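Please open the model in your viewer and keep the selection tool at hand. The tour below proceeds stop by stop, naming what to select and what is found there.

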Amino acid sequence: DQWSTGGNMTSCKNCPDGKGVEAGQGTSEQDCVNSEQDCAWKPCPPAQYLDEDSGCQDCPADQWSTGGYMTSCKNCSDGKGVEAGQGTSEQDCAWKPCPPAQYLDEDSGCQDCPADQWSTGGKTTSCTNCPDGKG
């Protein structure tokens, strides 16, 4: 994670935060890279992507990343989401809460309640029958 311009330098300079050089390349002055521009961004952790200008950034809400050198995050499937900076794989994407008058089908997402049934929405998995004589 250090570099040197060579010459009479007795030590290498540190790369900027978040940047480094390949492991094993900075063991002596001769191993340091030639300039700060040669320092590369370090791989990002899962749930982040690499912004070439500012380094690792959290994935936005409803997106995920395995990290590394990905320059963008992947979208969760329709109807699914994840908190910003929390999605490390598609499996982290969960069904979003359903609006009122719908129930959550674990296989296909939000579905309309059948006739004469109701729901407050959310993550309820079934609708409730209306009282007799009402519908």
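The count of salt bridges comes to 1, a salt bridge being a side-chain nitrogen of Lys or Arg within 4 Å of a carboxyl oxygen of Asp or Glu. Select D62 and K96, whose side chains meet in this salt bridge at 2.9 Å, N to O. D62 lies in the loop between β6 (55-58) and β7 (63-64) and K96 in the loop between β10 (94-95) and β11, so the pair ties together parts that are 34 residues apart in sequence. Strands here are DSSP runs of E with at least two residues, and helices are runs of H or I with at least four, each numbered from the N terminus. D62 is partly exposed at a relative accessible area of 27%, and K96 is partly exposed at 37%. On this scale buried means under 20% relative accessible area, exposed means over 50%, and partly exposed lies in between (1.4 Å probe, protein chains only). Side chains of opposite charge can pair when their charged atoms come close.

Before moving on, note how the model should be read. It is a predicted model, in which local features need pLDDT of at least 70 and side-chain atom pairs count only at pLDDT 80 or more, whereas totals for chains, interfaces and linings use all residues. Residues are numbered from 1 along each chain as its sequence is written, and side-chain values use heavy atoms, with hydrogens and water left out.

**Whole chain**

Colour the chain by pLDDT, the predictor's confidence in each residue from 0 to 100. The mean for the protein is 83, and 70% of the residues reach 70 or more. Over residues 27-34 the pLDDT is below 50, and this stretch has 23 contacts in the model beyond near neighbours in sequence; a contact means heavy atoms within 4.5 Å. In a cartoon view, the protein shows 0 helices and 14 strands. Of its 135 residues, 27% are buried.

**Backbone at two loop residues**

Return to D62 and inspect its backbone: phi is positive, at about 70°, although D62 is not a glycine. Next select A101, in the loop between β10 and β11. Its phi is near 75°, again a positive value in a residue other than glycine. A101 counts as partly exposed, at 43% relative accessibility.

**Strands β11 and β12**

Select residues 102-105, which form strand β11. Which of its side chains are buried, and which are not? Q102 and L104 point to one face and are buried, while Y103 and D105 point to the other and are not. In a regular strand the side chains alternate between the two faces of the sheet. Add β12 (residues 109-112), which pairs with β11 in the antiparallel sense over 4 bridges; two strands pair if DSSP finds at least two bridges between them. Y103 has Q111 as its bridge partner in β12, and a hairpin of 3 residues joins β11 to β12.

Now centre on Q102, which counts as buried at 18% relative accessibility. Leaving aside residues up to four places away in sequence, Q102 touches C110, Q111, D112, C113, S119, G121 and T124.

**Disulfides**

Display the cysteine side chains. There are 5 disulfides, each a pair of cysteine sulfur atoms within 2.5 Å. One of them joins C59 to C73, S to S 2.0 Å. C59 lies in the loop between β6 and β7 and C73 in the loop between β7 and β8, so this disulfide ties together parts that are 14 residues apart in sequence. The torsion about its S-S bond is about -85°, so the disulfide is left-handed. C59 is buried at 0% relative accessibility, and C73 is buried at 13%.

Proceed to C76 and C93, joined at 2.0 Å, S to S. C76 is in the loop between β8 and β9 and C93 in the loop between β9 and β10, a link between distant parts of the chain 17 residues apart. With a torsion of about -70° about the S-S bond, the C76 and C93 disulfide is left-handed.

For the last stop, select C113 and C127, a disulfide with sulfur atoms 2.0 Å apart. C113 lies in the loop between β12 and β13 (117-118) and C127 in the loop between β13 and β14 (128-129), 14 residues apart. Finally, add C130, which is in no disulfide; the nearest cysteine sulfur, that of C113, is 8.9 Å away. C130 is partly exposed, with a relative accessible area of 22%.
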